[in-house]
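Reader: Hi! I'd love a close look at one part of this model, the sheet regions and whatever lies around them, with enough of the whole to get my bearings. Could you walk me through it?

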Amino acid sequence: MAELTGHREGDRPPAAGRWPDPPPGGAADIGAPLHGIRVLDFSAFLPGPFASLVLAEAGADVVRIEPPGSGDPLRSLEPLLGPGRVGAMYAMLNRGKRVLAADMADPGDRASVLRLASAADVVIVQERPGAAERRGLGHARLSRSNPGLVHCAITGYGSSGPHAERAGYDLAFMADSGLLGAALSPAGVPVLPATSVADIAGGTYPALINILLALHRRERTGRGSALEISMTHNLQALGYRHFVRRQAHGSWPDPREDFLGGGSARYHLYPTAEGRFVAVYALHDRSWERLVTVLGLTPDATGDGNGRDAVGLLTDVFLRHPVTHWRDVFAATGVKATVVSHFGEAEQSGLIDTDSADRVRCGDDEVGTLPSIVAPCLRRPPGTLDCPDLADLDQGV
């Protein structure tokens, strides 16, 4: 894939607006794959800011537009960092970006922002359908002065259909998509996910993939793109097993019978003596037979592991000892099982890095930040980046 550079002579009509010069010492590595790409980000909370963070890690110059005064609501979400008490999540998602305050209801601010948009390669908006258009930030309006623009609109339920105008958050998107109802506890109760699945897997990652594909196509054709990202609709890909069963059999499966959803003893969570859990993933016949033998059971007693009796037999065995015992057993025998770790244990084992060379600074506070998903050979060098202040719009236009 060729290096994606923005506004090169001969690519497409020259931009009508002026893009703010980078701060002294803030120039991106010219070897980064997105060096020269200009991203104007109007999003808030998690999905869009996470997407523009990844683009920035790959060399793009990201300018965010936030409301005057309070800015992105994540700025005030605890825990807080620094003397200005800025939300740690905001700081980590927006490190290395520039942030300008603009009131889109003010004619002067709006005109200045539209000039910035005419100089951008990528615009990211994140709101209900029609809201961006009413503020003059829709693709049709912006592409008139910037025909090569990649415009990415992240929504909860898409731009059309009976749910398009609904407001919602990650849990609502999960619930409405059917995916939340497919993850049931042994008592048949839906399980709250440990992270924002819809925001990241339904919003951030699809936005990133499509933005990069659109930039690649523009490099060859000069054509811009209007991208629509529905977080709820994108969750269908995560329910692929249930979808396949529905298409093959004409009906949706009972989540409690799903092989990988707790319906099989081979792929299951089991409580231990002190109330913690182990995860068994002995999917293949030989793995299953070895596991039950190590546990002191027999294949004759447990069968193929797909009956409910097998779950009960393994539960009785695992309840006899704490996780320290089972961790030693798993390490010594190599069976397909592991202890369900706490975050602290994952950190101690080196699977979570809380003190990496990638750091964010808020005043006197400096901490390790979220690890980049961009491969080291494709991203800016690791180092400390400041949490951006909410600067006056006049500094950017």
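Author: Happy to! Let's begin with the outside: the protein exposes about 20,100 Å², and carbon and sulfur atoms supply 56% of that area. Please keep in mind that this is a predicted model. Its C-alpha atoms fill a box of roughly 75 × 50 × 40 Å along the principal axes. Within that box there are 15 helices and 15 strands. Of the 397 residues, 45% count as buried. Among contacts with a separation of 6 or more, 69% are between residues 24 or more positions apart.

Now for the close look, starting with strand E7. This strand covers residues 150-155, and six of its six residues are buried, so E7 is largely enclosed by the rest of the structure. The cover is found on both faces: Val150, Cys152 and Ile154 are buried on one side, while His151, Ala153 and Thr155 are buried on the other.

E7 also has strand partners to look at. Strand E6, residues 122-126, runs parallel to E7 and is joined to it by five bridges. Strand E8, residues 225-230, is likewise parallel to E7, with six bridges between them. His151 is a handy residue to follow through these pairings. In E6, Val123 stands opposite His151 of E7, and in E8 the bridge partner of His151 is Ala226. As background, strands of a sheet pair through backbone hydrogen bonds, in either a parallel or an antiparallel sense.

For the antiparallel sense, move along to an open sheet of three strands, ordered E9-E10-E11. E9 (267-271) and E11 (337-339) are the edge strands, and each of them pairs on one side only. From one strand to the next, the twist averages 20°. Helix H14, residues 323-333, packs on this sheet and touches E10 and E11; the direction of H14 makes about 145° with that of E11.

Look next at how E9 meets its neighbour. E9 and strand E10, residues 277-281, form an antiparallel pair over five bridges. One of the pairings is between two tyrosines: Tyr267 has Tyr281 of E10 as its bridge partner. These two tyrosines turn up again at the surface, where Phe259, Tyr267, Tyr281 and Leu283 make a nonpolar patch of about 330 Å². Phe259 brings a helix into the picture, as it lies in H10, residues 259-263. Why does Phe259 count as partly exposed? Its relative accessibility is 32%, which falls between the 20% limit for buried and the 50% limit for exposed.

For a contrast with that surface residue, try Ala88 in helix H2, which spans residues 88-94. Ala88 has 11% relative accessibility and therefore counts as buried, the limit being under 20%. Setting aside neighbours within four places in sequence, Ala88 is in contact with Leu77, Pro79, Leu80 and Leu81. You might also trace the gap from Ala88 to Ser52: these residues are 36 apart along the chain, and their C-alpha atoms are separated by 17 Å.

To pull the two sheet regions together: E7 has parallel partners in E6 and E8, with both of its faces covered. E9 and E10, on the other hand, pair in the antiparallel sense, and the bridged residues Tyr267 and Tyr281 both belong to the nonpolar patch.

How values were computed:
Residues are numbered from 1 along each chain as its sequence is written. This is a predicted model: local features need pLDDT of at least 70, side-chain atom pairs count only at pLDDT 80 or more; totals for chains, interfaces and linings use all residues. Side-chain values use heavy atoms; hydrogens and water are left out. Patches are made of residues with over 30% relative accessible area and no salt bridge: like charges are joined within 9 Å, nonpolar side chains (Val, Leu, Ile, Met, Phe, Trp, Tyr) within 5 Å. Accessible areas come from the Shrake-Rupley method with a 1.4 Å probe; for residues, only the protein chains shown count as cover. A salt bridge is a side-chain nitrogen of Lys or Arg within 4 Å of a carboxyl oxygen of Asp or Glu. Helices (H or I, at least four residues) and strands (E, at least two) are DSSP runs, numbered from the N terminus. Buried means under 20% relative accessible area, exposed over 50%, partly exposed in between (1.4 Å probe, protein chains only). Two strands pair if DSSP finds at least two bridges between them. Axes are lines fitted to C-alpha atoms, for helices over the stretch in contact, and angles run from 0 to 180 degrees between N-to-C directions. Contact means heavy atoms within 4.5 Å.
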